[in-house]
Amino acid sequence: MKHRRFRIHPEHIQGRQAFIVDPQEIRHIRSVLRLGEGDPVNLFDGEGKEYRASIVQITRGRVILSLKPETASVPMESPAKIILGVALLKASKFDWLLQKVTELGVSEIVPFSSSHVVPRWGEGQTGSRRARWEKIAAEAAKQCCRTAIPRIHPLRSFEEALAYDAGRATRVLLWEKEKAVRLGETVAHSSRVFVLVGPEGGFSDEEALRAQAAGFQPVRLGPRILRAETAGVAIVALLQFILGDLNK
Ligand code: SAM
């Protein structure tokens, strides 16, 4: 029943009743899946909860549902909290990376601009981009049956990204010039990791030094130079294997 899975906003849950008002979801329920009263569906609130429900009524403007008593606490979220700081990439690359790391269970995305970032977006553009990124993350979470949707932060400068308070996270800088340190040793016993991936043009040496001074441990992912989007997916997959649930 994976395809009968819909996001429900927590504020639209009242006791044993819930309602969907998103026009796209209503159209999907009515016209694509042709669901009707009494049909069972799964709901997820995007904050970690999953519900089994059945349709009570479908009108043009809302779908009313009744929640089943048991809340299916399906463990679809990783125990590892991974916060991925990603330098702005060309739109399609950023979108692709966002979709893949959402499927891999990333918790937060911190987009940042740095000296070698190629796309230059004005303030207004990053606002609309962020709305697009949130949509991509929500759709990817729905598709892979996650119950939480990664939080997408507003665009930050490099300095603001370094200063982001990621709680008691192990801080990692993906730095291809690093020779000595290995990922496993760096994140051993962590449950929370904040990792930075540079842009197509890479980090400058000054930025790498600034990041180290801010407590980010440089780590190399082997000898080959990976595309930024490849490095982003690789590091989330590796961290989920070492610390999360990819090995379960
Ligand atoms: N400096 C690279 C070059 O000379 O072509 C360009 C940067 S690479 C395309 C984009 C980002 O991916 C880097 O800033 C780094 O964060 C990460 N990355 C790529 N390969 C890596 C590796 N082997 N080890 C660690 N990080 C890597």
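This report walks through the two largest pockets of a predicted model and the ligand it holds.

## The largest pocket

Let's start with the largest pocket, whose volume is about 450 Å³. Its lining is made of 17 residues, and those nearest the centre are Asp22, Gln24, Glu25, Glu139 and Lys142. Three elements each give two or more residues to this lining: strand β3 (17-20), helix α1 (23-32) and helix α3 (123-143).

By class, the lining of the largest pocket holds 7 charged, 6 nonpolar and 4 polar residues.

## The second largest pocket

Next comes the second largest pocket, with about 310 Å³ of space. This pocket is lined by 22 residues, and Glu176, Ile225, Leu226, Arg227 and Ala231 lie nearest its centre. Helix α7 (residues 228-242) gives the largest share of the lining, 3 residues.

Nonpolar residues number 11 in this lining, alongside 7 charged and 4 polar ones.

## The ligand and its surroundings

Which pocket does the ligand take up? The ligand fills space that is the second largest pocket. Around the ligand are 18 residues, of which Leu174, Glu176, Leu221, Arg224 and Leu226 come nearest. This shell divides into 11 nonpolar, 3 polar and 4 charged residues.

Now for the polar contacts. Glu176 places a polar side-chain atom 2.5 Å from a nitrogen atom of the ligand, and a backbone N or O atom of Leu221 lies 2.7 Å from a ligand nitrogen atom. At Gly198, a polar backbone atom is 3.0 Å from an oxygen atom of the ligand. The ligand taken alone exposes 570 Å², and the protein buries 83% of that area.

Terms used
Residues numbered from 1 in each chain as written. Predicted model: local features only at pLDDT ≥ 70, side-chain atom pairs only at ≥ 80, totals over all residues. Heavy atoms only, no water. 1 Å grid on protein atoms, 1.4 Å probe; cavity = no way out; pocket = protein on both sides within 12 Å on 5 of 7 lines; lining within 4 Å. Points joined across faces, edges and corners; volume = space filled by probe spheres on them. Helix = DSSP H or I, 4+ residues; strand = E, 2+ residues; numbered from the N terminus. Nonpolar A, V, L, I, M, F, W, Y, C, P; charged D, E, K, R; others polar. Near = heavy atom within 4 Å. Polar contact = N/O pair within 3.5 Å; in protein donor to acceptor, adjacent residues only side chain to side chain. Areas by Shrake-Rupley, 256 points an atom, 1.4 Å probe, with all protein chains shown as cover. Sits in = over half its atoms within 2 Å of the grid points.
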